[in-house]
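Open the model in your viewer and show it as a cartoon. Keep the sequence panel at hand for making selections.

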Amino acid sequence: MDLEVPSGGLLVVHGPGGSGRTSLLLALAGRMRITAGTVQVGQYRLPGRRRDTAAVRTAVAVARAEPAVALEGRLTVAEHIAERTWLHPGTTRALVAEALAVTAVAPDPAALTEDLHPADRILLAVALTLAQRPAVLVVDDATHGCPPADHHRIWHALRQVCGTGCTVLAADSAPPPPLGPHHALSLPRHTAHLVRARSLPAAASPAVGSEAA
């Protein structure tokens with residue numbers, strides 16, 4: 001099976017725990033070693049040369065993939081914003097403000113991240129990552145810990161992120177509610193996933209291509 005997600009597209013990977021959702025997203029992001037098959041992001045192919053891996057990691061930013069990638073609960077929202085602008089040159093407070101507007105989240109700057117509503121915490125992580133201006137944004141467990149009433153809000157926000165031209169790769173335990181055009185991949189439990197690249201053109205905001213054996 002092959003799969004191609006265009007620039008500004010949305011890929012939703014869903015399946016039960018243990019199905020490999022997180023591993024697949026991290027492989028597409030260049031953060032997990034691929035033992036079989038290949039992935040291509042724009043003109044860069046994995047596995048490949050070291051500089052290709054570095055280029056993919058630069059182009060693809062991970063907003064959430066717990067426990068490895070998560071906001072620090074004991075930091076305030078303001079501290080997270082300051083940290084992000086310090087760690088990622090070019091990420092400004094103005095860009096963070098724009099990203100917060102895109103995701104429609106307005107947390108209290110003085111609030112501890114762990115005290116935020118679960119949906120606000122997830123969308124804050126997405127906004128902070130979007131402010132880095134990645135070509136591709138990854139968010140795992142997109143609605144985890146959120147009541148069903150907030151699921152549509154989160155998926156709508158991710159669609160808005162796609163509207164900026166950023167490609168979004170998201171995973172969750174269940175399919176999303178109706179949210180417009182997107183690519184979906186359902187994973188059964190305990191299945192080995194092989195990812196093989198399809199030839200894609202280079203792009204300023206790269207598309208993501210894969211072909212699963």
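The tour goes from the sheet to the helices and ends at a pocket.

**The sheet**

This is a predicted model. Begin by colouring the strands: five of them form an open sheet in the order β5-β6-β7-β2-β8, with parallel pairing. Strands of a sheet pair through backbone hydrogen bonds, either parallel or antiparallel. Now select residues 60-64 for β5 and residues 183-186 for β8. These two strands stand at the edges with a single partner strand each, so one side of each has no neighbour in the sheet. Looking across the sheet, you will find a twist that averages 15° from one strand to the next.

**Two strand pairs**

Next select β6 (residues 136-139) and β7 (residues 167-172), which pair in the parallel sense over four bridges. To locate one bridge, show Val136, whose partner in β7 is Thr167. Then move to β5 and β6, which also run parallel and are joined by four bridges. Here Val62 has Val138 in β6 as its bridge partner. Is β5 mostly covered or left open? Five of the five residues of β5 are buried, so to speak of it as mostly covered is fair.

**Helices across the sheet**

Select residues 21-28 to bring up helix α1. Helix α1 lies across β2 (10-14), β5, β6, β7 and β8, and runs at about 160° to β7. Add residues 151-162, helix α6, which lies across β2, β6 and β7. The angle of α6 to β7 is also about 160°.

**An enclosed helix**

Go on to α5, residues 118-130. From its first C-alpha to its last, this helix of 13 residues reaches 18 Å, close to the 18 Å expected at 1.5 Å a residue. Of those 13 residues, 11 are buried, so α5 is largely enclosed by the rest of the structure. Among the buried ones are Ala119, Asp120, Ile122 and Leu130. What lies over them? The cover for the buried residues of α5 includes β5, α3 (77-87), α4 (93-102), β6 and α6.

**The largest pocket**

Finally, switch to a surface view and find the largest pocket, with a volume of about 370 Å³. Of the 20 residues lining this pocket, Ala61, Val62, Arg84, His88 and Gln132 are the closest to its centre. Which elements give two or more residues to the lining? They are α2 (50-59), β5 and α3. Val62, shown earlier as the bridge partner of Val138, can be selected again here as one of the residues closest to the pocket centre.

Key:
Residues numbered from 1 in each chain as written. Predicted model: local features only at pLDDT ≥ 70, side-chain atom pairs only at ≥ 80, totals over all residues. Heavy atoms only, no water. Pairing = 2+ DSSP bridges. Axes fitted to C-alpha atoms, helices over the stretch in contact; angles between N-to-C directions. Contact = heavy atoms within 4.5 Å. Expected span 1.5 Å × (residues − 1). Buried < 20%, exposed > 50% of the residue type's maximum accessible area, 1.4 Å probe, protein only. 1 Å grid on protein atoms, 1.4 Å probe; cavity = no way out; pocket = protein on both sides within 12 Å on 5 of 7 lines; lining within 4 Å. Points joined across faces, edges and corners; volume = space filled by probe spheres on them.
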